[in-house]
Amino acid sequence: MRLLLGAYRLLYGTNSLIQRIALGLGMAIVAFAVLSLFAAAVERHVTGRGYAWMNDLPPFLLPWCVFPLMGVLLRSGRHISVDVAPTLLPARQAQVLRLIVGLIAFVSGVYFCNAGIEATSFFRMLGEVTETEIQFPFWFLYAAFPTGFAILALFALEIVLREVLALIGALPADEARPS
């Protein structure tokens, strides 16, 4: 039990750091997108011409905002969910349900991470680049997919470990739910 609790605490600390990085990246991308589009509109209004990259780059960065935040939303309980069953179930069955959801999310995250690695490798092998003013490789867009699903798998594994520890009574009360 101590080994399992130690693994959970290590994963919790690691995931907390990953969560801060993913949130920071997401905020930076959203801020860049808003500022870039605003600057492009101002520049077009003032000078009468604009740079295409200011309009093209924000949508290309959107996967790097969305995919890494999937795990963050799952971990914080803010992911899309239907909360009917957990409210109707007794506490122990609700824990089992959370464990099953965590296992499904973990297996799905690993599976889609693997698929994303294959897709990213394929596009990297092709060597194609975007047709924008500032060119960058297509595989960069697809790399957000396995990155996000790897983060999701790590966070789902944390949920699985937390629920297993809670079910066997080895999780201290102050660690029952992450903030």
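A residue counts as buried when its relative accessible area is under 20%. Phe149, with a relative accessible area of 10%, is therefore buried in this predicted model. That residue makes a convenient starting point, since Phe149 takes part in an aromatic pair, an aromatic cluster and a nonpolar core, as described in the paragraphs below.

The aromatic side chains come first. Tyr8 and Tyr12 form a tilted pair, with 6.1 Å from centre to centre and 35 degrees between the planes. Both tyrosines belong to helix 1, and because they are 4 residues apart, about one helical turn separates them. Their surroundings can be read from the accessibility values: Tyr8 is buried at 2% relative accessibility, whereas Tyr12 is partly exposed at 29%. Phe67 and Phe149 also make a tilted pair, because their ring centres are 6.0 Å apart and their planes meet at 45 degrees. This pair links distant parts of the chain, with Phe67 in helix 2 and Phe149 in helix 6, 82 residues away in sequence. Phe67 is partly exposed, with a relative accessible area of 23%, while its partner Phe149 is buried at 10%. Both phenylalanines are members of one aromatic cluster, which also holds Tyr111, Phe112 and Phe145. In total, the model contains 11 aromatic pairs.

Two arginines are placed over aromatic faces. Arg75 lies over the face of Phe155, at 5.4 Å from the ring centre. Arg124 is found over the face of Trp139, here at 4.9 Å from the centre of the ring.

Attention now turns to the nonpolar interior. The largest nonpolar core has 12 residues, among them Ile18, Ala22, Trp64, Leu69, Val72, Ile151 and Phe155. Helix 1 (2–47), helix 2 (52–75) and helix 6 each supply at least two residues of this core, and helix 2 gives the most, with 5 residues. Ala22 offers a local view of the packing: beyond its neighbours within four places in sequence, Ala22 is in contact with Pro68, Leu69 and Val72. A second, separate core is made of 8 residues, including Ala105, Cys113, Phe149 and Ile159.

Helix 6 deserves a paragraph of its own. This helix covers residues 144–168. At 1.5 Å a residue, its 25 residues should span 36 Å, and the end C-alpha atoms are indeed 36 Å apart, so the expected and modelled spans agree. Gly169 follows the helix and has a positive phi, near 80 degrees. Within helix 6, Glu163 is a charged residue to look at closely. Glu163 counts as buried, because its relative accessibility is 2%. The side chains of Glu163 and Arg98 are joined by a polar contact of 3.2 Å. Apart from residues up to four places away in sequence, Glu163 touches Gln95, Arg98 and Leu99. Leu165 also sits in helix 6 and is buried, with a relative accessible area of 0%. Leaving aside its neighbours within four places in sequence, Leu165 is in contact with Met1, Leu4, Leu5, Tyr8, Ala170 and Leu171. Tyr8, one of these contacts, is the buried member of the tyrosine pair described above. By contrast, Leu165 and Pro137 are 28 residues apart along the chain, and their C-alpha atoms are separated by 44 Å.

Two further residues complete the picture. Thr120 lies in helix 4 (residues 91–126) and counts as buried at 11% relative accessibility. The side chain of Thr120 reaches the backbone oxygen of Tyr142 at 3.0 Å. Setting aside neighbours within four places in sequence, Thr120 is in contact with Trp139, Tyr142, Ala143 and Pro146. Trp139 is also the residue whose ring face lies under Arg124, and Ala143 is part of the largest nonpolar core. Leu141 belongs to helix 5 (residues 138–142) and is buried, with a relative accessible area of 14%. Not counting residues up to four places away in sequence, Leu141 touches Phe60, Pro63 and Phe136. Between Leu141 and Gly26, the separation is 115 residues in sequence and 15 Å in space, C-alpha to C-alpha.

Definitions and conventions. Residues are numbered from 1 along each chain as its sequence is written. This is a predicted model: local features need pLDDT of at least 70, side-chain atom pairs count only at pLDDT 80 or more; totals for chains, interfaces and linings use all residues. Side-chain values use heavy atoms; hydrogens and water are left out. Buried means under 20% relative accessible area, exposed over 50%, partly exposed in between (1.4 Å probe, protein chains only). A polar contact is a pair of N or O atoms within 3.5 Å; within protein, one must be able to donate a hydrogen and the other to accept it, and residues adjacent in sequence count only if both atoms are side-chain atoms. Contact means heavy atoms within 4.5 Å. A nonpolar core is a set of buried Ala, Val, Leu, Ile, Met, Phe, Trp, Tyr and Cys residues joined through side-chain atoms within 4.5 Å. The expected span of a helix is 1.5 Å times one less than its number of residues. Rings of Phe, Tyr and Trp (its six-membered ring) pair if their centres lie within 6.5 Å; planes under 30 degrees apart count as stacked, over 60 as edge-to-face and the rest as tilted. A charge sits over a ring if NZ of Lys or CZ of Arg is within 6 Å of the ring centre and within 35 degrees of the ring normal.
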